[in-house]
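Please open the model in your viewer and keep the selection panel at hand. The stops below follow one another, each with something to select and a description of what is there.

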Amino acid sequence: MKERFPGDGGYLEKVPIADGIKRKIDQDVQEIGFQQAIARFIELYGGIRPIIKGKDTQVRGVLEKNPAVVIANHPSFAEIMTVIASLEPREDIYLVGIANFLGIGPNFSKHVIPVYMTRQMSNKE
């Protein structure tokens with residue numbers, strides 16, 4: 001059996017049209033921060049401005065100051081990015097996600113805790 005590790009960018013590297021978008025997101029991360037860059041991306045390319053309504057004072061306080069783990073139980077890139085952009089602004093936000101996110105760029109990658117998906121392939125002889 002062989003293990004396959006999609007590396008830094010994998011599928012994103014195979015989509016040349018995405019190169020400009022990836023560069024723009026990475027540049028924005030460096031200039032305005034991770035969350036703001038994601039929010040800008042969603043607003044520019046999705047036409048929406050993400051906000052979360054109904055946060056009480058206690059929840060807002062936790063999201064602003066305390067250590068927290070926020071789980072987005074959605075497989076879609078768009079939904080995960082929307083949740084991150086909607087959180088209270090923080091410098092210590094990290095995305096636990098598939099290693100392909102590393103292909104966006106070095107500034108974006110500083111906020112990614114990569115998960116390497118393996119697929120076992122059998123060698124049938």
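**Stop one: helix α3**

Begin by selecting residues 34-46, which make up helix α3: its 13 residues reach 17 Å from the first C-alpha to the last, close to the 18 Å expected at 1.5 Å a residue, where the expected span is 1.5 Å times one less than the number of residues. Helices (H or I, at least four residues) and strands (E, at least two) are DSSP runs, numbered from the N terminus. This is a predicted model, in which local features need pLDDT of at least 70 and side-chain atom pairs count only at pLDDT 80 or more, while totals for chains, interfaces and linings use all residues. Residues are numbered from 1 along each chain as its sequence is written, and side-chain values use heavy atoms, with hydrogens and water left out.

Within α3, now pick out F34, Q35, A37, I38, F41 and I42, which are buried; buried means under 20% relative accessible area, exposed over 50%, and partly exposed in between (1.4 Å probe, protein chains only). These residues lie on the same side of α3, because they cover an arc of only 165° around the axis, the arc being that of the directions from the helix axis to the C-beta atoms. To see what covers them, add α2 (19-32), α5 (77-86), β2 (95-98) and α6 (106-109), which are among the covering elements. Just after the helix, select G47, whose phi is positive, near 75°.

**Stop two: salt bridges of α2 and α3**

The structure holds five salt bridges, each defined as a side-chain nitrogen of Lys or Arg within 4 Å of a carboxyl oxygen of Asp or Glu. Select K24 and D28 to find one of them, with 2.9 Å from N to O; both residues lie in helix α2, four residues apart, about one turn of the helix. K24 is partly exposed at 31% relative accessible area, whereas D28, at 3%, counts as buried.

Next add R40, which forms a salt bridge with D28 whose closest N and O atoms are 3.1 Å apart. This pair links distant parts of the chain, with R40 in helix α3 and D28 in helix α2, 12 residues apart. Through shared partners, the salt bridges join K24, D28 and R40 into one network.

Still in α2, select K22 and D19, another salt-bridged pair, with the closest N and O atoms 3.4 Å apart. These two residues are three apart in the helix and so separated by about one helical turn. Here K22 is buried, at 10% relative accessible area, and D19 is partly exposed, at 30%.

**Stop three: H111 and the nonpolar patch**

Which residues does H111 touch, not counting residues up to four places away in sequence? Select H111 in the loop between α6 and β3, and then V29, F34, E91, I93, Y94 and L95, which are its contacts under that restriction, contact meaning heavy atoms within 4.5 Å. H111 is buried, with a relative accessible area of 15%.

Finally, select Y94, V96, I98, I113, V115 and M117, which form a nonpolar patch on the surface with about 530 Å² of accessible area together. The elements that give two or more residues to this patch are β2 and β3 (112-115). Patches are made of residues with over 30% relative accessible area and no salt bridge, like charges being joined within 9 Å and nonpolar side chains (Val, Leu, Ile, Met, Phe, Trp, Tyr) within 5 Å; accessible areas come from the Shrake-Rupley method with a 1.4 Å probe, and for residues only the protein chains shown count as cover. V96, in strand β2, is exposed, with a relative accessible area of 56%.
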